[in-house]
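Trainee: I would like a close look at one part of this protein. Please take me through it step by step.

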Amino acid sequence: MNKRNIKSILTNARLRLVAATCLILAGLGLPTAELARGSGRPGPFYMTFTIPASVCGFAVQETINGRLGVISLPGGGILVTSPATTAVFTNLSDPTKTVTINGFTGPAIVTFDQNGNTVVRGLGRGAIDDPAVSDFGIRFQDGDFTLVFDPNGNLLSDTGNGLVTNVCDLIN
């Protein structure tokens, strides 16, 4: 498994695949060692972090609470599950503006192609943001979405089917 690509996608892409994705895939900021040794059994997961102002035009605090499981796949990828996970997004410029999204269902499948790119497929409900892409925002996605990142964490492709909600708009 290419640990550098996993860390790159989770850190640089901020893939909040906490529940599939998405969720909060992304830069969940999970240490590479945690991903590599994942037992697959979802365990308690709680994390609070700040999404930079470059994403929404204002800094956002995201708090994730639920369960997270990581399973190593035979081909070198990982499967991220996050049953019963909730994310709270708060506008740090105006903390009265907040939204809670329940039911991140995932899962997210992270694999690597022959070019060293990281391919993230989010199934179900999840959220993602990418500080490197202007106007990407924080997206809550419900459906089947695939994102491809180069080895430096740059978004190459973003395709899928389903419902997309801009979380930045909800808390602005």
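Trainee: To set the scene, how many helices and strands are there in the protein chain? Then please look closely at strand 4: which strands does strand 4 pair with?

Mentor: Start with the whole. This is a predicted model. The protein chain has four helices and 11 strands. It runs to 172 residues, and 48% of them count as buried. The accessible surface is about 7,500 Å². Carbon and sulfur atoms account for 51% of that surface. Now take contacts between residues at least 6 apart in sequence. Of these, 50% join residues at least 24 apart.

Next, check the confidence. The average pLDDT of the protein chain is 78. A score of at least 70 is reached by 76% of the residues. Residues 1-37 are another matter: pLDDT stays under 50 there. The model still gives that stretch 152 contacts beyond four places in sequence.

Now to your part. Strand 4 covers residues 60-72. Its pairings are with strand 3, strand 5 and strand 6. Take them in turn.

Strand 3 spans residues 43-51. Nine bridges link strand 3 to strand 4, and the sense is antiparallel. To find the pairing by eye, pick out Gly-43. Its opposite number in strand 4 is Leu-68.

Strand 6 spans residues 85-91. It pairs with strand 4 over six bridges, again in the antiparallel sense. Find Asn-65 here. Its bridge partner in strand 6 is Thr-86.

Strand 5 spans residues 78-81. Four bridges join strand 5 to strand 4, and this pairing is antiparallel too. Look at Ser-72, whose bridge partner in strand 5 is Ile-78. Strands 4 and 5 form a hairpin, with five residues between them. Gly-76 sits in the turn and has a positive phi of about 105 degrees.

While you follow a strand, keep one rule in mind. In a regular strand, side chains alternate between the two faces of the sheet.

Finally, move past strand 5. The loop between strand 5 and strand 6 holds Ala-84. This residue is not a glycine, yet its phi is positive, at about 55 degrees. Why pause on that? Most residues other than glycine have a negative phi. Ala-84 is also exposed, with a relative accessible area of 65%.

So trace the route once more on screen. Go along strand 4, round the turn with Gly-76, along strand 5, and through the loop with Ala-84 to strand 6. There you meet Thr-86, which is bridged back to Asn-65.

Terms used:
Residues are numbered from 1 along each chain as its sequence is written. This is a predicted model: local features need pLDDT of at least 70, side-chain atom pairs count only at pLDDT 80 or more; totals for chains, interfaces and linings use all residues. Side-chain values use heavy atoms; hydrogens and water are left out. Helices (H or I, at least four residues) and strands (E, at least two) are DSSP runs, numbered from the N terminus. Buried means under 20% relative accessible area, exposed over 50%, partly exposed in between (1.4 Å probe, protein chains only). Contact means heavy atoms within 4.5 Å. Accessible areas come from the Shrake-Rupley method with a 1.4 Å probe; for residues, only the protein chains shown count as cover. Two strands pair if DSSP finds at least two bridges between them. pLDDT is the predictor's confidence in each residue, from 0 to 100.
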